[in-house]
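Biologist: Please pick one part of this model and take me through it slowly, and then tell me how it fits into the rest. I'm new to this, so spell out the terms as you go.

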Amino acid sequence: MTSLAGTGPLLRLAWRRDRWLVLVLVLVMAGLAYSTMAATLDLYPTDAEAAAGAKVMAENPSITALYGPLPSLTAAGVGVIKTVMMGSLFGAFTAFALVRRHTRSEEEEGRFELVGAGVVGRRAPLAAAVLLAVGTVVAAGLLSALALMGTGVDTTGSVALGTVIVVAGLVMAGVTAVAVQLTSTTRGAAGIALGVLGLAFVIRAMADTATGGGRHLVWLSFLGWAERVSPFGGNRLWVLLLALGATGVLLVVADVLLHHRDLGAGLWAARTGPARAKPALGSAVGLAWRLQRGSLIGWTIGYAVLGLVVGSMAKSVDQIASNPGIEDMLRKMSGGNGSVLDAFLGTELRFMAVGAAAYGIAAALRLRGEESAGRAEAVMATATSRWRWVSSHVLVAALGSLWLLLVVGTCAGVAAASTSGASFGAVLGAALSTWPAVLVCVGLTLALFGVLPRVSLLAWGLLAVFLLIGELGAILKLPDWMMGLSPFDHLGHLPGGDADLAGLVGLLVVALAALEVGAAGFRRRDVAT
Amino acid sequence: MAPVIEATGLIKKFGSTTALDGLDLRVDEGEVHGFLGPNGAGKSTTIRVLLGLLRSDGGTVSLLGRDPWADATELHRQLAYVPGDVVLWHNLTGGEVIDLLGRLRGGLDEGKRGKLLEAFDLDPTKKGRSYSKGNRQKVALVAALASDVPLLVLDEPTSGLDPLMENVFLEQLAQVRAEGRTVLLSSHILSEVEQAADRVSIIRAGRVVDSGSLADLRHLTRTSVEATLTSPPHVTDVERWPGVQAARQDRDRFVLSVDTSSVGEVLRRLDTHGIAAITCQPPTLEELFLSQYRDELATADDAPKEEVRA
């Protein structure tokens, strides 16, 4: 088929550009799978010990909502539960990023025109991007399976974990392939693809915490498919066939859409706009808000839904609270004086805070995006000072994340208070109290941007480290000082427990210092192009 | 009168590469100053230093009597800038960008805005991502020209414009000059600078190698004389005439490169051999430019100097 001509060279080009990223991602995934399993086996040398410890976990709704049900009451089952969630999200994000990067981003930047004028078929860029993404998730799956086998657990379960990663990655590659045909912008494609991913996560979480027949709804979500491979439990390797089928259908849809649009365009045409700027678009802050409001609206919708979902789970949490084992464990998590429900809400809200930090980092990184695209130069050649320009985007990042915490706290509070004994004010307060940690992430991003602009994207690496410290720190028995490196470790135990006032003030001080370092660094350096 | 732009011994390094190597530049009030040089000579770097976007590593620079790094914000109220590579926000329309940049600078002339949109035939309702390169350039030009600022800094403003629009731009530039405003016009398009500029600075490898009015610069160079003679002399004799730098013979047709100050003498001598046809061309800016550039090639490659001019 000549429409596929050039796929090979394009794939080699993509590999040449991304090989280090791909290698690092695959190794990190396999390393995570290995270390969590090894640490769990260390903690529970026998299945009997694991079963005793895991019983509490299996019935804890906050764990089920995040990670899905425990595959089995064995040491390996406990050792893999977090890896299943992280592995499926890893597969999905990797596939999304790679497919989008080598299709829509290339078209939007105009680089594809350079390549497309050569002997390159219409389908070739999409084919090359999908092949790279699939190759990467398959490699991550294989290596993770091998890594698990290295800890001495059984082969079928290990292969099943690899299958989890591949299932999520395959379907997300298909979803992204369709999304990049629909809109003409990279951001628009991200909105659609990540929206589908978010929906899949919410459906899965709701189905997993539902009672009775509602649990089968998990099959509506491709993250649910990945989870139900159930390594070291059901070991349903056949789910891979389901994923292959769905991916095939999605790719056919993408292919049909591809043949109905022009290069550079989306299926949804770009519209014209106003000939004059509204009065609000007359300052640096006005510009930053205009550039970022679309993404904040998307996040707001997502956070409102997540808040309602989390809040409405409060009812089922209340019901299980009668189990003394869980009550004891959750009490410990909440600092000793909160209720089971408080502990559940506190855990969930802390994850929302990490999400809000991701928003804050993305919003602050707009600074770097504007700078390297050359658009910052146009603004700073006007009477806009550097400080004003920097603070415009930082303001959107800081207040935008506060807004998201307000939204999720309000929605979760309303839903929880109306279905259970939770207090609206306490939930909202707990959500807002995480803001200093989010602000630290924004501050660190600005510090990187001001002092080491070329590596600004490392801000994402920092967030990943903070997340991993929170998730795996206890299992890996990290020393306290290392746990303390994560700003999310200093939030106290809200709602219900005590707020860590010294911690919160400390976070604010760190955040302000980092912001100052970043702003001062930027004032002293050249504007890069 | 204090110069609007004055730079002396400007140095800018990026790592181990030296982008500006002791650059001197002076632009007086009310003049259109051509800033001419090949790609990579340091034109855009100079402009970015003048705008306070880059910090110089040495030398002094002043813009309207102030320091462009320390007083950037205040200075920027008094200037408008068109970057060499115009990048627009994908989801803002051209009209919005023009208004935004105008407001960020401190206001723009509504009457001029409308006239310029018409003159450049620009649709302000299109989104940034759907403009072609030439149209993006027009957006930046309208935004800059619609201002009332005393200084315009234009970095290769016509790149991407078609010849028709290039003429529109030159007309607008003449208007700006008539209003007594100062313009720094960087370009590698020689005819454009030749038409528009009062004075020219030629930059090469981070230094200004020549600066002056076009008339000044022409004195330094040679006139091309092309003559068809009825009784042609021997070409080796012609080469020995005073002021003749190079001569080439093609049967009865001679092409000479003559020091501009010796043109009269050479014409008298040619006349003794019977002139059937003659054309004299003053040096174009292109030739100024080539002669500067050739020196650079010669020193760089150590190649034998060859007369390539015809």
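Modeller: I'll start with a little sheet in chain B, move on to the helix that sits on it, and then step back to the whole chain and its partner.

Some ground rules before we dive in. What you're looking at is a predicted model, so local features need pLDDT of at least 70 and side-chain atom pairs count only at pLDDT 80 or more, while totals for chains, interfaces and linings use all residues. Residues are numbered from 1 along each chain as its sequence is written, and chains are lettered from A and ligands numbered from 1 in the order in which they are written.

Okay, the sheet. In chain B, three strands make an open sheet in the order E2-E1-E4, with antiparallel pairing. The names are DSSP runs counted from the N terminus: strands are E runs of at least two residues, and helices are H or I runs of at least four. E2 and strand E4 (58-63) of chain B are the edge strands; each has a single partner strand, so one side of each is left without a neighbour in the sheet. From one strand to the next, the twist averages 25°. Angles here run from 0 to 180 degrees between N-to-C directions, and axes are lines fitted to C-alpha atoms, for helices over the stretch in contact.

What holds strands side by side? As a general rule, strands of a sheet pair through backbone hydrogen bonds, either parallel or antiparallel. For our purposes, two strands count as paired if DSSP finds at least two bridges between them. Strand E1 (residues 5-14) and strand E2 (residues 17-27) of chain B run antiparallel and are joined by eight bridges. One of the residues to look for is Ile5(B), whose bridge partner in E2(B) is Val27(B). Follow the chain from E1(B) into E2(B) and you go round a hairpin with two residues between the strands. Gly15(B) is in that turn, with a positive phi of about 60°.

Now look at the other neighbour of E1(B). E1(B) and E4(B) also pair in the antiparallel sense, over five bridges. Here Glu6(B) has Ser62(B) of E4(B) as its bridge partner.

Next, the helix. Helix H1 (residues 43-50) of chain B packs on the sheet and touches E1, E2 and E4 of chain B. Its direction makes about 65° with that of E2(B). Is H1(B) mostly covered or mostly bare? Mostly covered: eight of its eight residues are buried. A residue is called buried if 20 or more other C-beta atoms lie within 10 Å of its own, exposed if 12 or fewer do, and partly exposed in between, with C-beta atoms placed from the backbone. The buried residues of H1(B) include Ile47(B), Val49(B) and Leu50(B), but also Lys43(B) and Arg48(B). After H1(B) comes Gly52(B), whose phi is positive, near 75°.

Let's zoom out. Chain B has 11 helices and 13 strands, and buried residues make up 41% of its 310 residues. Two residues are in contact if their C-beta atoms, placed from the backbone, lie within 7 Å. Among the contacts in chain B with a separation of 6 or more, 71% join residues 24 or more positions apart. The chain is divided into domain 1 (5-213) and domain 2 (222-282), with bounds from an automatic or database domain assignment. The C-alpha centres of those two domains of chain B lie 42 Å apart.

Finally, the partner. In chain B, 29 residues are in contact with 26 residues of chain A. Helix H2 (72-76) and helix H3 (94-105) of chain B each supply at least two residues of the side that touches chain A. H3(B) gives the largest share of that side, eight residues. By class, the side of chain B that touches chain A has 11 nonpolar, eight polar and 10 charged residues. Nonpolar here means Ala, Val, Leu, Ile, Met, Phe, Trp, Tyr, Cys and Pro; charged means Asp, Glu, Lys and Arg; and the others, Gly among them, count as polar.
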